[in-house]
Amino acid sequence: PAVIRSMMISRLEHEMLGVEQIVPNPESVPIENLLRVCSGPDGVDVSLLAQVLLEAVDRRFLRAAIGVTRVLESQSLASSDPLPPSVRTALVRALETPNVEVRFFAAKALAKLSGPPPFAGSSRLIETLLWCASSRGIDRAVVAHPSSEVANSIASGLSRFGYRPQVVSTGRAAILAVRDSCDVRLIVLASRINRPESFETAQLIRTFTPQEILPTLIVVDPLDDENDLIRERLACVFDGIEKLSIVDRMDDFFYPRSSDAGVVSLPRFPVVMQTLSPQGDSLLDDRTTAAARRRERGKVSLELLASLAGHGWDLSATLATARLLMTDPACATAAISLLAHSGKPAAQHALLTEALRPHISANHASACVRGFKENVRRYGILLESGEMLSLFKRYNNLSISENPVVLGKILDILEASGSVSTSRKGDGA
């Protein structure tokens, strides 16, 4: 069996590499090709594939792990039998790998196949999907510096290269910012950052956030840069740490510079990034492709969360993300569905607020009203009485910018529930 597993891993790696782009999309490999690799004389043995997945993850054959996960998903979906415990265990184990694609495909398979919670790894499944769903398809950079003026100056320089900076002032805030968004692509830490200091912050980010190892810049202030001892100490402290560079913040780091002789020197930032990401992460075209891939993963993850909510999973932790993505046309349907299946007052409030937001399309407003109606059908009215009465007052004193049809439909839902007793102008009451 060990020889068979090794052969499968090798062939899967070869198959997945056959169509790899600079920023690969593993779903571009036809499932038929992967099935052919994983099939034996008696067809596909999912128990064997579960062992292959565990071995691929442990030995860091990540492309093979993605390939076998896709096969396990396709075979289990085609079967009426319950998911074997060995397959679930292997998929949960894959959720612990640092590679985002492996975690995403394992979470995708578990969301479709695992059955009702709780089970070992069910909370990790939700965390993975929620983290992937946080993507907005942009490149974020976290800038941590105790001086807001300096931090904003660095952020301005990063903006020239297509990054969306997020400025924080402590190491702890930097850790939380990286943890909360899968769109963070670059970390910039002041050498003087505290709570915790720069070395500990960098280590904690790499240990306790779901990100892969991200390019990290340790910025030395000009006065410190004149002190060779400080530079030498930083070089010793950070020696051997992958994808990390100690840099200054002189103007020519982000901006071109002209000499008296008229010679223009290019910014140093792209060169540094190229050394930290030799595969081309610093190239805008490749970063755009990677951002689009994250965006697609986020959309699928949100749809999977909405599906799990419809099957009775408690997804209270996803409310903030759903509220945020409800305004995104690509994710609105799944976000509304997620809120419609949440038995929290905040979910009903979010659906109402979005439905009544000025200048949204009629279709989007109607979708929010339908989501609110479904939520009320499942859980009853969860709004406070004062909030409901204010809706009736609002209807009776409509402003020019408000849509009476949408607000009227909402009031119909409230009245039909029997939770309120009041009147509207024109009702004859």
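This report walks through a predicted model of one protein chain, from its overall build to a helix, two hollow spaces and three single residues.

## The chain as a whole

The chain contains 20 helices and 7 strands. Its C-alpha trace spans about 85 × 70 × 40 Å along the principal axes. Of the 429 residues, 48% are buried. Contacts tend to reach across the sequence: among those between residues at least 6 apart, 70% join residues at least 24 apart.

## Helix α3

Helix α3 covers residues 46–58, 13 residues in all. From its first C-alpha to its last it reaches 18 Å, close to the 18 Å expected at 1.5 Å a residue.

Have a look at the start of this helix. There, a side-chain oxygen of Asp45 comes to within 3.0 Å of the backbone nitrogen of Ser47. Beyond the other end, α3 is followed by Arg60, which has a positive phi, near 65 degrees.

The buried residues of α3 are Leu48, Leu49, Ala50, Val52, Leu53, Glu55, Ala56 and Val57. Glu55 is listed here alongside residues such as Leu53 and Ala56, and it belongs to the charged class. Which helices do the buried residues of α3 pack against? Their partners are α1 (2–17), α2 (31–38), α4 (62–78) and α5 (85–94).

## A pocket and a cavity

Two hollow spaces are worth a visit if you have the structure open. One is the second largest pocket, with a volume of about 200 Å³. Its lining is made up of Leu130, Trp131, Ser134, Arg136, Arg140, Gln166, Ala177, Asp180, Ser181, Thr321 and Leu324. Three helices, α7 (122–133), α9 (171–180) and α15 (319–325), each supply at least two residues of that lining.

The other is a cavity. The structure holds 1 cavity of 30 Å³ or more, and about 40 Å³ of space lies in the largest cavity. Around the largest cavity sit Ile154, Val188, Leu217, Val219, Val247, Asp248, Arg249, Phe253 and Phe254. Strands β4 (216–220) and β5 (244–248) are the elements that give two or more residues to this lining.

How do the residues of each lining divide by class? The table sets them out.

| Space | Nonpolar | Polar | Charged |
|---|---|---|---|
| Second largest pocket | 4 residues | 4 residues | 3 residues |
| Largest cavity | 7 residues | no residues | 2 residues |

## Asp183

Asp183 is found in the loop between α9 and β3 (184–190). Is Asp183 buried or exposed? Asp183 counts as buried because its relative accessibility is 0%, while the cut-off for buried is under 20%.

Leaving aside neighbours within four places in sequence, Asp183 is in contact with Ser134, Ser135, Arg136, Gly137, Ile138, Asp139, Arg140, Gln211 and Arg294. Among these, Ser134, Arg136 and Arg140 also line the second largest pocket.

Two polar approaches involve the side chain of Asp183. The backbone nitrogen of Arg136 lies 2.5 Å from one of its polar atoms. The side chain of Arg294 makes a polar contact with the side chain of Asp183 at 2.9 Å. For a sense of spacing, the C-alpha atoms of Asp183 and Gly157, 26 residues apart along the chain, are separated by 19 Å.

## Arg160

Arg160 is found in the loop between α8 (148–159) and β2 (164–168). Why does Arg160 count as partly exposed? Its relative accessibility is 44%, and the partly exposed class runs between the 20% and 50% cut-offs.

Not counting residues up to four places away in sequence, Arg160 touches Phe254, Tyr255, Pro256 and Pro267. A polar atom of the Arg160 side chain lies 2.4 Å from the backbone oxygen of Phe254. Phe254 is also one of the residues lining the largest cavity. The C-alpha atoms of Arg160 and Ala78, 82 residues apart along the chain, are separated by 49 Å.

## Ser122

Ser122 has its place in helix α7, one of the helices that supply the lining of the second largest pocket. Ser122 counts as buried because its relative accessibility is 12%. Setting aside residues up to four places away in sequence, Ser122 touches Pro117 and Trp313.

Note on methods: Residues numbered from 1 in each chain as written. Predicted model: local features only at pLDDT ≥ 70, side-chain atom pairs only at ≥ 80, totals over all residues. Heavy atoms only, no water. 1 Å grid on protein atoms, 1.4 Å probe; cavity = no way out; pocket = protein on both sides within 12 Å on 5 of 7 lines; lining within 4 Å. Points joined across faces, edges and corners; volume = space filled by probe spheres on them. Helix = DSSP H or I, 4+ residues; strand = E, 2+ residues; numbered from the N terminus. Expected span 1.5 Å × (residues − 1). Buried < 20%, exposed > 50% of the residue type's maximum accessible area, 1.4 Å probe, protein only. Contact = heavy atoms within 4.5 Å. Polar contact = N/O pair within 3.5 Å; in protein donor to acceptor, adjacent residues only side chain to side chain.
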